[in-house]
Amino acid sequence: MPIQRINLTKGASDYPEALSTYDGSAPVYRVVLWPHRSLPRGGFVFFIAITCFMLSIPLLPLIGTAAIWVLLPFLVLTVTLLWVFIMRSYRSGQLVEELSLWPDHITLVRREPDGRRQDWSTNPYWVEVISHDKPVAAYLTLRGGPREVELGAFLTPEERLELKEELEEKLRFLAV
């Protein structure tokens, strides 16, 4: 599951990029989100090897003929494009969203695959967790402060609903 929950009770976090308040206290609640990857790196190597093997089977009867030179560039192009698009998918999987919650503020940091960073911060007392049915089922947004931001758009609807319930519980706990 592409959600990592980090529960810190006291002291500063040992996480190297942890966000903390100016007094050094750790967040009450912290969650890191990233897109799910169904094909691990080891599986990628195996997949490319099997694909090359399967695409070479039809070429075996053509060895030594001129027809192999007609088909070979298309098969090489197929494997190359497959490689490029899977690598592109892996790169898009480097997206990370980090939500940190303190008693006095909440921060959402989104790190894009190209290195850009988007920050959003506000007082948790004013934060509202909203679930929309469009553009996708259980689309989550956080409203508070001057704008509304999306949260975990790459998660499954079930994971978004679970995250919504958990976040609402943590925000209710702070309000008490």
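## Reading the core and the charged pairs

A: The model shown here is predicted, and a convenient place to begin is its largest nonpolar core, which has 19 residues, with Leu 99, Leu 142, Leu 151, Leu 163 and Leu 167 having the most contacts inside it.

Q: Which strands and which helix each supply at least two residues of this core?

A: At least two residues each come from strand E2 (29-33), strand E3 (96-101), strand E4 (106-111), strand E7 (139-144), strand E8 (147-151) and helix H3.

Q: What does Leu 167 touch, not counting residues up to four places away in sequence?

A: With those sequence neighbours left aside, Leu 167 touches Tyr 29, Leu 99, Val 129, Leu 142 and Leu 151.

Q: How many salt bridges does a search of the whole structure find, and how should one read a pair such as Glu 98 and Arg 30?

A: A salt bridge is a side-chain nitrogen of Lys or Arg within 4 Å of a carboxyl oxygen of Asp or Glu. The search finds ten salt bridges, and in the one between Glu 98 and Arg 30 the closest N and O atoms are 3.1 Å apart. Because Glu 98 lies in strand E3 and Arg 30 in strand E2, this pair ties together parts that are 68 residues apart in sequence.

Q: Are Glu 98 and Arg 30 buried or exposed?

A: Buried means under 20% relative accessible area, so Glu 98, at 0% relative accessibility, counts as buried, and Arg 30 counts as buried at 1%.

Q: Which residue is joined to Glu 98 with the closest N and O atoms 3.2 Å apart?

A: That salt bridge is formed with Arg 111, and it links strand E3, where Glu 98 lies, to strand E4, where Arg 111 lies, 13 residues apart. Both Glu 98 and Arg 111 are buried.

Q: Which residues are joined into one network by salt bridges that share partners?

A: One pair to inspect is Glu 112 with Arg 110, whose closest N and O atoms are 2.7 Å apart; Glu 112 is buried, and so is Arg 110. Shared partners join Glu 97, Arg 110, Glu 112 and Glu 150 into one network.

Q: How far from Arg 160 is the nearest side chain of opposite charge?

A: Arg 160, placed in helix H3 (residues 157-175), is buried yet has no salt bridge, and the nearest side chain of opposite charge, that of Glu 159, is 7.0 Å away. Not counting residues up to four places away in sequence, the contacts of Arg 160 include Val 136, Tyr 139, Leu 151 and Phe 154.

Q: Which residues form a nonpolar patch on the surface?

A: The patch is formed by Phe 46, Ile 50, Phe 53, Met 54 and Ile 57, which together have about 510 Å² of accessible area, and Phe 53 lies in helix H1 (residues 41-56).

Notes
Residues are numbered from 1 along each chain as its sequence is written. This is a predicted model: local features need pLDDT of at least 70, side-chain atom pairs count only at pLDDT 80 or more; totals for chains, interfaces and linings use all residues. Side-chain values use heavy atoms; hydrogens and water are left out. Patches are made of residues with over 30% relative accessible area and no salt bridge: like charges are joined within 9 Å, nonpolar side chains (Val, Leu, Ile, Met, Phe, Trp, Tyr) within 5 Å. Accessible areas come from the Shrake-Rupley method with a 1.4 Å probe; for residues, only the protein chains shown count as cover. Helices (H or I, at least four residues) and strands (E, at least two) are DSSP runs, numbered from the N terminus. Buried means under 20% relative accessible area, exposed over 50%, partly exposed in between (1.4 Å probe, protein chains only). Lys and Arg count as positive and Asp and Glu as negative; His and the chain ends are not counted. Contact means heavy atoms within 4.5 Å. A nonpolar core is a set of buried Ala, Val, Leu, Ile, Met, Phe, Trp, Tyr and Cys residues joined through side-chain atoms within 4.5 Å.
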